[in-house]
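User: Could you walk me through how to read side-chain features in a protein model? I would like the general idea first and then the case at hand.

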Amino acid sequence: MQLCLDKWLAGEQHGIYRPKALRLAFHDCKLYEDGTGGCDGCLNFHDATNAEENNMLRPTIAILEKLYLEKDFPKGARPLTASPKDLGMSRADLWSFAGLVALDNVQQKSQKLCSDQTVYNLTCNDWTSPCSSPFPKEAKQLFKTGRSDCMPHPAATPKQGYLAAKVNVMPDQNGNGPMTAKFFKDNFNMTPKEGLALMGAHTLGRYSTFQTHIDYAWVRAQDSKRNQVLNNEYYKTLVAKPAHVKDKHCVGAMDGGKAKVEWHVFARLFEYYWPQDASKGWNNVPRRLLWHHEVTRAPVCDEKEEDKLGNGMADGWNGATLDNKAKNKGFPGFWEYCCAQKNEGCGVQGTCDPECTELFRTGSDT
């Protein structure tokens with residue numbers, strides 16, 4: 001366990017990314033379409049739907065498989081008398097243990113980042129809930145052995161024992177609340193509350209559309225610290241009450257209050273860019289709604305970043321009307337004009353120019 005932690009803390013040199021290890025532990029426990037399976041050390045990669053959901057886990061699986069089959073991997077580890085496989089460990093147990101090691105390290109990382117809010121204000125001074133909560137002591141006693149591995153796919157090589165022959169049941173990523181609750185009930189016998197609690201793990205991880213077209217907008221910035229902290233930000237985003245509306249900056253209205261946050265839906269955007277085969281009729285294809293997290297806020301004034309420079313999502317302030325108004329009042333541009341008002345307390349006086357508050361679509365999720 002300590003070796004895994006050392007490698008993660010040193011920059012994940014062996015490719016086992018914490019959120020991926022957690023995701024693997026859950027994906028491994030999905031049932032097959034015939035009702036068998038679950039936590040059996042195998043995933044399906046030959047079915048198109050399964051492959052789309054599982055492909056991003058291949059690097060993590062490859063590293064764990066090498067660890068499983070070799071007694072002296074990784075380099076620097078204390079040599080074993082035989083490989084974990086030859087010692088009688090199941091692959092399923094190894095994947096589950098890796099997930100728990102990752103979860104333990106995530107908590108340590110979360111507590112470290114939350115311990116000094118002056119370095120990175122992860123809550124934007126919203127103390128209605130803690131930055132992160134420690135796990136109960138009993139959590140370290142969760143791991144149990146005894147899982148059995150699946151019978152691999154007939155085409156699997158000796159180094160691909162993790163390839164499942166059967167097709168996994170997958171949740172509908174475009175499904176609504178009742179559909180998601182039904183998936184957890186039918187496949188894991190979970191209550192809606194338990195399923196929703198498990199969904200909170202999506203607070204972790206980086207935004208990527210390499211495999212799917214889902215933008216985890218609440219952790220959008222690639223170098224964000226927020227995607228390393230396990231807390232309730234996922235749920236705050238769902239109810240349109242996030243502490244952060246722009247990564248690294250606690251920015252809100254011109255008067256210093258919270259930004260206005262709303263969800264809006266685009267019903268046809270997915271179909272425009274990634275059209276489905278509707279030859280069997282529209283009633284037989286899934287509805288794929290694109291939800292935009294829309295934020296109405298003032299510009300960031302404590303740093304000359306994209307709001308001033310006019311790149312990224314800051315183009316909303318760069319209209320000719322506002323810029324000309326700013327220049328007519330003796331300011332170089334809209335940023336200096338709006339930030340001067342903000343710093344002078346226009347919110348308290350009720351004199352803020354309404355054009356200094358703009359709406360931005362901070363990202364999209366299905």
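Analyst: Happy to; we will go through ring pairs, charges over rings, disulfides and two buried residues. This is a predicted model, in which local features need pLDDT of at least 70 and side-chain atom pairs count only at pLDDT 80 or more, while totals for chains, interfaces and linings use all residues. Residues are numbered from 1 along each chain as its sequence is written, and side-chain values use heavy atoms, with hydrogens and water left out.

User: Thanks! How many aromatic pairs does the structure hold?

Analyst: The rule first: rings of Phe, Tyr and Trp (its six-membered ring) pair if their centres lie within 6.5 Å, and planes under 30 degrees apart count as stacked, over 60 as edge-to-face and the rest as tilted. The structure holds nine such aromatic pairs. Take F45 and Y162: the ring centres are 6.5 Å apart and the planes stand at 85°, so this pair is edge-to-face.

User: Where do F45 and Y162 lie?

Analyst: Helices (H or I, at least four residues) and strands (E, at least two) are DSSP runs, numbered from the N terminus. F45 is in the loop between α2 (18–27) and α3 (48–54), and Y162 is in the loop between α5 (91–114) and α6 (177–188), so the pair ties together parts that are 117 residues apart in sequence.

User: Are F45 and Y162 buried or exposed?

Analyst: Buried means under 20% relative accessible area, exposed over 50%, and partly exposed in between (1.4 Å probe, protein chains only). Both F45 and Y162 are buried.

User: Which residues do ring pairs link into a cluster?

Analyst: That cluster is made of F26, F183, F184 and F188. Within it, F183 and F184 have ring centres 5.6 Å apart and planes at 75°, so they form an edge-to-face pair. F183 is buried at 9% relative accessible area, and F184 is buried at 5%.

User: What about charges and rings? Which charged end sits over the ring of F45?

Analyst: A charge sits over a ring if NZ of Lys or CZ of Arg is within 6 Å of the ring centre and within 35 degrees of the ring normal. For F45 the partner is R58, whose charged end sits 4.1 Å from the ring centre. Another case is K66, which lies over the face of F73 at 5.3 Å from the ring centre.

User: On to the cysteines. How many disulfides does the count come to?

Analyst: A disulfide is a covalent bond between the sulfur atoms of two cysteines. Here, the rule takes a pair of cysteine sulfur atoms within 2.5 Å, and the count comes to seven. One of these joins C29 to C39, with S to S at 1.9 Å. The link of C29 and C39 has 105° about the S-S bond and is right-handed. C29 and C39 each lie in the loop between α2 and α3, so the pair ties together parts that are ten residues apart in sequence. C29 is buried at 19%, whereas C39 counts as partly exposed at 23%.

User: Which cysteine does C124 join to?

Analyst: C124 is joined to C250, S to S 2.4 Å. With -95° about the S-S bond, this link of C124 and C250 is left-handed. The pair links distant parts of the chain, 126 residues apart: C124 is in the loop between α5 and α6, and C250 is in the loop between α8 (233–238) and β1 (260–266). C124 is buried at 16%, and C250 is partly exposed at 44%.

User: What is the torsion about the S-S bond of C338 and C356?

Analyst: The torsion is about -85°, so the disulfide of C338 and C356 is left-handed. Its S to S distance is 2.1 Å. C338 is in helix α12 (residues 334–343) and C356 is in the loop between α13 (346–349) and β3 (358–365), 18 residues apart. Both C338 and C356 are buried.

User: Let us finish with the two buried residues. What is N50 in contact with?

Analyst: Contact means heavy atoms within 4.5 Å. Leaving aside neighbours within four places in sequence, N50 is in contact with N44, V167, N168 and M170. N50 lies in helix α3 and is buried, at 1% relative accessibility.

User: And where does A92 lie?

Analyst: A92 lies in helix α5 and is buried at 1%. Leaving aside neighbours within four places in sequence, the contacts of A92 include C39, D40 and R147. The C-alpha atoms of A92 and R147 are separated by 5.9 Å, although these residues are 55 apart along the chain.
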